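Trainee: I would like to learn how to read the features of a structure. Please show me the structure before we begin.

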Amino acid sequence: MFGMDDDSISTNNTNDTALTPSIKKDHISTLDSSDLTANSKALTVVDNISNYSTTSVIEPSVMAPGGANLNDIDEDLHSRQLAVYGRETMRRLFASNILISGMQGLGAEIAKNLILAGVKSVTLHDEGVVEMWDLSSSFVFSENDVGKNRALASVQKLQELNNAVVISTLTTNLTKEQLSDFQAVVFTDITLKKALEYNDYCHNHQPPISFIKTEVRGLFGTVFCDFGPEFTVFDVDGEEPHTGIIASISNDNPALVSCVDDERLEFQDGDLVLFSEIQGMTELNDGKPRKIRSARPYSLTLEEDTTNFGTYVKGGIVTQVKQPKVLNFKPLKDALKDPGDFLLSDFSKFDRPPLLHIAFQALDGFICEVGRFPVAGSEEDARKLTSIAANINECLGEGKVEDINPKLLRHFTFGARAVLNPMAAMFGGIVGQEVVKACSGKFHPLFQFFYFDSVESLPAEPLELSDFKPLNSRYDAQISVFGSKLQKKLEDANVFIVGSGALGCEFLKNVALMGVSCGSQGKLTITDDDVIEKSNLSRQFLFRDWNIGQAKSTVAASAAASINPQLKIKALQNRVGPETESVFNDDFWENLTVLINALDNVNARLYVDQRCLYFQKPLLESGTLGAKCNTQMVIPHLTENYGASRDPPEKQAPMCTVHSFPHNIDHCLTWARSEFEGLLEKTPAEVNAFLSNPSEYATSMRNAGDAQAKDNLERILECLEREKCETFQDCVTWARLRFEDYFDNRVKQLTFTFPEDAATSTGAPFWSAPKRFPRPLQFSAADASHLNFIMAASILRAETFGIPIPDWVKNPKLLAEAVEKVMVPDFQPKEGVKIETDERATSMSTASTDDAAVISDLLFKLERCRSNLPPGLRMKSIQFEKDDDTNYHMDLITGLANMRARNYSIPEVDKLKAKFIAGRIIPAIATSTAMATGLVCLELYKVLDGGHKVEDYRNTFANLALPLFSMAEPVQHKVIKHRDMSWTVWDRWILRGNPTLRELIQWLKDKGLNAYSISYGSCLLFNSMFPRHRERLDKKVVDVAREIARAELPPYRSHLDVVVACEDDDDNDIDVPQISIYYG
């Protein structure tokens, strides 16, 4: 963590077990297999990240043998994962040894997610051999592996995911004593008898071994977790601790704390909070956690008597203290009889988990008695399993379920042998996350049973028993659940996947295994205009380090084709948008069966959504944010579209706050990023624009004639004249003077204009919360952070001027000597300087009445300056790149932000945290991505079957950190009715025959609709209010569009779309669908 205050310490010792080579393993990696031991203390600390100081819990440190800290986290590779877990959790993962027993599809998915996460070692256990049956669920097997041991056949492809993870295999009978080599063990294919034996050993072991039993059987799945009698969760939700800026505190019992009302407080009754920076009532600054009695949106009541405390004057931060939580897990033998509360995923199935609790026990009983799995389509097997379930239910006494639901158990029986890829992907994400929790104490574990089913994914029409018959193909397991007719529909689908990043890679793997677009009529198109970077490799599992720099879509398509050679895939590198409608033309869209979005921005999603609406195509939408994920099904004529509802826009800090009155590190980093771009990207680009064509540039500035043009010219003149650099010493001088300007002179000017005792026009103190009174910084070469700022700034300045960078700049002593040579002029604050304080202001540029005269003068000076420049001079414009730690970009931004934070007494951050905020890095982990794509592909079965109702579909929000699963049917579309007609957002009216405007209006009149306005894009083609528009009535609509709207209609399009505003006969506005006018 980034800052620490050890006022409050609680301890919890958790010893990780060292890996001992007591059993023979087939080691693939040459890494040392000696384990790391962890002595852990839970520290309640102040984590200086955002909003002043935020309290969090430091997880137990992991020490390498000999007492050295394990600090070798590859931040380039794991940056998105670090944004979710933090360093300490990552270090604990790096020290964890995991056993995965059962290497069918589910085992492979769990292993993939853990290997990508970077655990120390994964041991794969399986005594069985690969069958054709396994090929539809596991991406690690090919037809060449049939007959080989599953564990051995899995190693090579899994090892490619992360060479830092030791991958071993066990291919013989597993004894319970061997489990002591691991911190967590996962069983995906095990009898209940064996599970009870292993779990008992793990539960009673010292320290306990985290035990997870999980299964997917057709469209049904289960997870059971037991992390021992006393398991400490260090961070229950992974969220930043809540904070508030104090406005007042009463001398009362109980005390009332009021906060500034710019943001609602997120505290809850019973939360513990810390106070800091309070002036006056300093007794509360003692670092002692205090309990909230009652929390309100902008205030809270403390369980504290402040009657005799000092009187509150001003200032102060209140911060939530996150508390460790101890969970007492029951062993499996007890939990089977008394499972407690089941974790629900779908409230429409609240009675389902108790029945599935019985069903999975009945399946185990069936296998033990008969010696095999039930056969798909065997009514006899279904009756037998139902009978066993009924007997188990009868033995439950008062806890028995009222309805044993033979129909559901029949579905369960038929698919019991099959491991479906979407189910494996979903549960692989869930279980992978539970293993991370077990190894780190990060996030709240699943406690203790979870059951799930997706029977709605079955075909809408009942299946004949013959449909389940195996075809001796790689899809036989899937056919045993869905039948051969749906399999044919999957294979012949024309699918478009937009994006091949983390979601896209998972989707490609899933659809390849499902057989989607693998038939003679099938086609899969994937597009992505991005290339592979190192940071992608921890989640985008189809890519390898040797693919860095290559096109994502091409590499992903090739990898997917290697998973299933029958896949008919085409990779493109086009962005999907208006500019590529010649590539993704009408024929392309009309021939699609379904679209799957794998995008990372809202604008692209909205565009694809509009295309799907227009061409009436199903869209399967999903997204992730750290441990959270959501899915949304957009189904023609059933659901609302993606764009029908929007999240509120993120709240932006006012510009004056960022520039002059920051009160958290986010403000400082926003300012730092803006300064970086202004100094190193925009100004050099403006310089080059001027030098490339001075006369044209001068004309454009005169035409603009505004404050922005004046600012641009001032910056160019400054860059080429007063601050022009010819040697590296000039760059050091520039950096040193920038330091003085930013962190000393500007602060002196600000506090001169607004002294500490300044008052507003109403008489209130100007420097009241949330404003913080700043102090100037005095440069010191002895301060490493000051010198690091100079180093990064001078190196980047030299880069813009093409000046060679000497080696001595990285020597602190030599750099300090260079800085000492700089003459720093004295600064005197000026009277009458305007500093923006209006939170509504959108620009810091100050306009004046004589901007045109100033611009002319600046252009004259610039032209005179240009005559003294060497011919051909150009600057290098530097674009911010956050993921290259050798380019000094983040060093400069971190330095800028932290020096500014120091001005305002805001806690500073390290470079990694600065990268997350300034680089706007979206936290991402493999587990939530896998779960989201699994859920979407369960919906894909429904879409491609084609006969499902809206109540059969599911939208999902999940948070693996809590864990929380919330599934609900999609929102139905809005229906508009007029006379005997009705339509929805999905409808588009088509008028053929190249009609005139008059014919279009009459066509609508015949429907009882009076058209009064017709537009094409943003251009008005006709409005009944304008008499001259009547002259256009007998012209073809397409000709009016070409003439008035300057419409350029491409040759691949034979229609144009107009928006018509209509009224009914009672003058009520009626929203009508978009109208397509066909002219070809």
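Mentor: What follows is a walk through a few local features of this predicted model.

Trainee: Where does leucine 174 lie, and is it buried or exposed?

Mentor: Burial is read from relative accessible area, and a residue under 20% counts as buried. Leucine 174 has 1% relative accessibility, so it is buried. Its place is the loop between β6 (166-170) and β7 (184-187).

Trainee: Which residues does leucine 174 touch?

Mentor: Leaving aside residues up to four places away in sequence, leucine 174 touches Leu99, His125, Glu127, Leu179, Phe187, Lys194 and Tyr198. One of these, lysine 194, is 20 residues from leucine 174 along the chain, and the C-alpha atoms of the two are 10.0 Å apart.

Trainee: Now the surface. Which residues form the negative surface patch?

Mentor: Asp261, Asp262, Glu263, Glu266 and Glu839 form that patch. Take glutamate 263 as an example: it sits in the loop between β12 (256-259) and β13 (272-276). With 49% relative accessibility, glutamate 263 counts as partly exposed, because exposed means over 50%.

Trainee: Which residues form the nonpolar patch on the surface?

Mentor: Phe957, Leu962 and Leu964 form it, and together they have about 230 Å² of accessible area. Leucine 962 belongs to the loop between β25 (955-959) and β26 (964-968). The relative accessible area of leucine 962 is 36%, so this residue is partly exposed.

Trainee: Let us turn to the backbone. What is the peptide bond from glutamine 206 to proline 207, cis or trans?

Mentor: The general idea is that most peptide bonds are trans. The bond from glutamine 206 to proline 207 is cis, and its omega is near -10 degrees. Proline 207 is in the loop between α5 (192-204) and β8 (210-217). Another cis bond runs from asparagine 253 to proline 254, with omega near 0 degrees. Proline 254 is part of the loop between β11 (243-249) and β12.

Trainee: What is the sign of phi in tyrosine 888, positive or negative?

Mentor: Most residues other than glycine have a negative phi. Tyrosine 888 is not a glycine, yet its phi is positive, about 70 degrees. This tyrosine 888 is found in the loop between α24 (851-866) and α25 (889-903). Its relative accessible area is 16%, so tyrosine 888 is buried.

Trainee: And arginine 1046: what is its phi, and is this residue buried or exposed?

Mentor: Arginine 1046 has a phi near 55 degrees, which is again a positive value in a residue other than glycine. Its loop lies between α29 (1037-1044) and β32 (1055-1063). At 62% relative accessibility, arginine 1046 is exposed.

Trainee: How many salt bridges are found in the whole structure?

Mentor: A salt bridge is recognised when a side-chain nitrogen of Lys or Arg is within 4 Å of a carboxyl oxygen of Asp or Glu. A search of the whole structure gives 71 salt bridges. Arginine 150 and aspartate 126 form one, with their closest N and O atoms 3.3 Å apart. That pair links distant parts of the chain, 24 residues apart: arginine 150 is in helix α4 (residues 150-161), and aspartate 126 is in the loop between β5 (121-125) and α4. Both arginine 150 and aspartate 126 are buried.

Trainee: Where do arginine 673 and glutamate 677 lie?

Mentor: Both are in helix α18 (residues 665-692), four residues apart, which is about one turn of the helix. Their side chains meet in a salt bridge with an N to O distance of 2.8 Å. Arginine 673 is buried, with a relative accessible area of 13%, and glutamate 677 is buried at 18%.

Trainee: Which parts does the salt bridge of glutamate 799 and lysine 876 tie together?

Mentor: The closest N and O atoms of glutamate 799 and lysine 876 are 2.7 Å apart. Glutamate 799 lies in helix α22 (residues 784-801) and lysine 876 in the loop between α24 and α25, so the salt bridge ties together parts that are 77 residues apart in sequence. Glutamate 799 is partly exposed at 25% relative accessible area, and lysine 876 is partly exposed at 42%.

Trainee: Which residues are joined into one network by salt bridges that share partners?

Mentor: Asp346, Lys349, Arg352, Asp453, Glu456 and Arg954 are joined in that way.

Methods:
Residues are numbered from 1 along each chain as its sequence is written. This is a predicted model: local features need pLDDT of at least 70, side-chain atom pairs count only at pLDDT 80 or more; totals for chains, interfaces and linings use all residues. Side-chain values use heavy atoms; hydrogens and water are left out. Helices (H or I, at least four residues) and strands (E, at least two) are DSSP runs, numbered from the N terminus. Buried means under 20% relative accessible area, exposed over 50%, partly exposed in between (1.4 Å probe, protein chains only). Contact means heavy atoms within 4.5 Å. Patches are made of residues with over 30% relative accessible area and no salt bridge: like charges are joined within 9 Å, nonpolar side chains (Val, Leu, Ile, Met, Phe, Trp, Tyr) within 5 Å. Accessible areas come from the Shrake-Rupley method with a 1.4 Å probe; for residues, only the protein chains shown count as cover. Lys and Arg count as positive and Asp and Glu as negative; His and the chain ends are not counted. The place of a charge is taken as NZ of Lys, CZ of Arg, CG of Asp or CD of Glu.
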